2 protein chains.
Amino acid sequence: MRAAVMYGAGDVRIEDRPDPKIVDPTDAVVRTLAACVCGSDLWPYASMPATDTGRPMGHEFLVVEETGADVTGLTAGDLVVAPFTYSDNTCDYCVKGLHISCRNGGRYGFDGVDGGQGEAVRVPYAAGTVVKLPVAADSALLPSLLALSDVMTTGHHGAVTAGVGRGDAVLVVGDGAVGLCAVIAAKRLGAERIVLAGRHEARTTLGREFGATDVVAERGEESIVRIREMTGGVDKVIEAVGTRQALDTALGAVLDGGTISRLGVPQYEQGPIGPAAFMRNITMTGGASPARAYIPELLADVLDGSITPGHVFDKTFTLDRTPDAYRAMADRQVLKALIRP
Amino acid sequence: MRAAVMYGAGDVRIEDRPDPKIVDPTDAVVRTLAACVCGSDLWPYASMPATDTGRPMGHEFLVVEETGADVTGLTAGDLVVAPFTYSDNTCDYCVKGLHISCRNGGRYGFDGVDGGQGEAVRVPYAAGTVVKLPVAADSALLPSLLALSDVMTTGHHGAVTAGVGRGDAVLVVGDGAVGLCAVIAAKRLGAERIVLAGRHEARTTLGREFGATDVVAERGEESIVRIREMTGGVDKVIEAVGTRQALDTALGAVLDGGTISRLGVPQYEQGPIGPAAFMRNITMTGGASPARAYIPELLADVLDGSITPGHVFDKTFTLDRTPDAYRAMADRQVLKALIRP
């Protein structure tokens, strides 16, 4: 099969790789219907040291069950969405709804598991991982259903862990696909005022469509001054970038006693949690989303059209053109690339 | 009046200072009945650079209202407890119960305000700060009432922000007065299992009296292994020390998705909130306690004898011997010193 493999920063290649086969009885082999490039794929794309072996890429995909493996609840031909990590759905963490920490779980593209940016994938613990979709393979909802694999469930995780509720004022830092989905999620949970910090106009315009009431295009200190002028400070912040600058914006804009939920994978090892943050009673929460836990709830809203996270996909590439998709996203010419094998 | 002043690490002196006078109409001048040395006083006692001017010390005290100032609700002769910062009790933060961030609030010993380790104190925003106590000045409850000024309300803040509830397993890191009060607070909120990490036997014995079900005397990596063996990991941790080692113990023992509430003033500027903590969905919360907000609720429990935080005071010193009290606490010969002017 063909699949995207990263060999180092800026070096994504489409290669022939062995067709995936069932290894464990809990596996399913599935055919990829649609995949995408994630903002988090851009971090290694910017900085991964060169390697001879390469790493299969992609962790967001819609698939059609192909092998009819002996996995409860799945039949050949089923259309399913795969959350961005696999999980058994039975361990103590999964039972708590924290599938991202599954005792038997793992990430696509590691430990001999295929990436989603390819023609087929062996999905470990398939019954505990994928969620069946009650639509046909040509459904117009496909992009929004694909968004459930990561960006929409991640944005939702930010709103949930920040404690967003009816009438709240919320700041979302970052106008990438996750930030925009966090806007959807905050609105869905009843936020009244949603300030989106981002300076890419096409994206913030989409953010307004999703429910942002205000946009702050300034950066750094200026953005903090602007947000404080507009709102007086906010109790709930969703940080959807992962840089220290984004975290500093969040810390500057949040009120004492407030909560910052981080959704962007931190591009730093140490952060400012010294006496200043302590005296201000800032809560830092969030983290990698347990996407699997949130899919059923959000799926209902995609199916009835009340949320449309698929609008974050602004360009479709064939699998062979996946390297172009990376380049376009890294250059910020494309918000989020959909890949069609 | 006489008062304790710190001139640098290890250098606490008793001096004659000007008698406090009303400066603003919202002030009260009060006579100190009992004060104490705080664990947080030991940080400057260990490291404060030498200074010519000195810093009045102490922020926990019981007082008798003396001047009969024009302050609502206070009458000369009233016995009151002062939380460890002053606050107006009317600003937006105070209304939210976050008195520690009061827009007009501040700390004793700074900005021309006296410290509590002295014969008298000018208390700014007295009506919004102190809480009347319905007992006589010779009440046997005085030590427990004095504990409401900081350690007990701080321990309670840890249990509240960690989300401790009925049936929970909780780890308390640190057997100082705050850690021990966190044990009281966790038990009071219904925790079923309370593991106390501390290696000072007299203190952990008191911790067991307060409600700790298990004690872990190991340190560092060994303590983490021991706690994980005993409990399988805990969802809720109260970190009551403030060192990086204590935070690392908390991070090692907490389950993914769990919460660490920090009560010890961090002795570090940067902390480990990089990708590892992010992937584990660790929430970091807590901070400086809004003591004033918690006093009414905890006062009721002190008055009816259901909690006895005053047991943390294991030695009483006269004001003149305050320097000895610092030394004894720094040498860990005394858990918490009560000062009687």
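## Two domains, two chains

In this predicted model, the centres of domain 1 and domain 2 of chain A, taken over C-alpha atoms, are separated by 26 Å. The domain assignment gives domain 1 as 2-150 + 290-340 of chain A, and domain 2 as 153-286 of chain A. Domain 1 of chain A brings 19 residues to the contact, and domain 2 of chain A brings 16 residues. On the domain 1 side, helix α11 (residues 291-303) of chain A gives the most, with 5 residues. As for chemistry, the side of domain 1 of chain A that touches domain 2 of chain A divides into 12 nonpolar, 3 polar and 4 charged residues.

### Where the chains meet

Now for the contact between chains. Here 28 residues of chain B are in contact with 28 residues of chain A. Looking at the chain B side, β15 (254-262), α10 (275-279) and β16 (283-286) of chain B each supply at least two residues. That side of chain B is made up of 14 nonpolar, 9 polar and 5 charged residues.

Here is how the residue classes work out for the contacts in this report:

| Contact side or contact | Nonpolar | Polar | Charged |
|---|---|---|---|
| Side of domain 1 of chain A that touches domain 2 of chain A | 12 residues | 3 residues | 4 residues |
| Side of chain B that touches chain A | 14 residues | 9 residues | 5 residues |
| α5(A) with α6(A) | 10 residues | 4 residues | no residues |
| α8(B) with α9(B) | 3 residues | 5 residues | 1 residue |

### Two helix pairs

Let's take the helix pair in chain A. Helix α5 (residues 151-161) of chain A and helix α6 (residues 177-188) of chain A have axes that come within 7 Å and cross at roughly 55°. That angle makes α5(A) oblique to α6(A). The crossing of α5(A) past α6(A) is right-handed. From α5(A), the contact uses A:Val151, A:Met152, A:Thr154, A:Gly155, A:His156, A:Gly158 and A:Ala159. The α6(A) side answers with A:Ala177, A:Val178, A:Cys181, A:Ala182, A:Ile184, A:Ala185 and A:Ala186. By class, you get 10 nonpolar and 4 polar residues there, with no charged residues.

Then there is a helix pair in chain B. The axes of helix α8 (residues 220-231) of chain B and helix α9 (residues 244-253) of chain B come within 9 Å, crossing at roughly 30°. So α8(B) and α9(B) are roughly parallel to each other. Their crossing is right-handed. In this contact, α8(B) offers B:Gly220, B:Ser223, B:Ile224, B:Ile227 and B:Arg228, while α9(B) offers B:Gln245, B:Thr249, B:Gly252 and B:Ala253. The classes of this contact come to 3 nonpolar, 5 polar and 1 charged.

### The sheet in chain A

On to the strands. In chain A, 3 strands form an open sheet in the order β2-β1-β4, with antiparallel pairing. β2 (11-16) and β4 (55-56) of chain A stand at the edges with a single partner strand each, so one side of each has no neighbour in the sheet. Strand β1 (residues 2-8) of chain A is joined to β4(A) by 2 bridges, and the two run antiparallel. Within that pairing, A:Met6 stands opposite A:Arg55 in β4(A). Helix α12 (residues 322-330) of chain A packs on this sheet, touching β1 and β2 of chain A, and its direction makes about 160° with that of β2(A).

### The sheet in chain B

What is the strand order of the open sheet in chain B? Its 3 strands come in the order β2-β1-β4, and the pairing is antiparallel. The edge strands are β2 and β4 of chain B, each pairing on one side only.

Strand β1 (residues 2-8) of chain B pairs with strand β2 (residues 11-16) of chain B in the antiparallel sense, over 6 bridges. Among the partners, B:Val5 stands opposite B:Arg13 in β2(B), and B:Ala3 has B:Glu15 of β2(B) as its bridge partner. The hairpin of β1(B) and β2(B) has 2 residues between the strands, and B:Gly10 takes a positive phi near 70° there.

As for β4, 2 bridges join β1(B) to strand β4 (residues 55-56) of chain B, again running antiparallel. B:Met6 has B:Arg55 in β4(B) as its bridge partner. Finally, helix α12 (residues 322-330) of chain B lies across β1 and β2 of chain B, running at about 160° to β2(B).

Note on methods. Residues numbered from 1 in each chain as written. Chains lettered and ligands numbered in written order. Predicted model: local features only at pLDDT ≥ 70, side-chain atom pairs only at ≥ 80, totals over all residues. Domains from an automatic or database assignment. Contact = placed C-beta atoms within 7 Å. Helix = DSSP H or I, 4+ residues; strand = E, 2+ residues; numbered from the N terminus. Nonpolar A, V, L, I, M, F, W, Y, C, P; charged D, E, K, R; others polar. Axes fitted to C-alpha atoms, helices over the stretch in contact; angles between N-to-C directions. Parallel < 35°, antiparallel > 145°, perpendicular 65-115°, else oblique. Left-handed = near helix turned anticlockwise from the far one by under 90°. Pairing = 2+ DSSP bridges.
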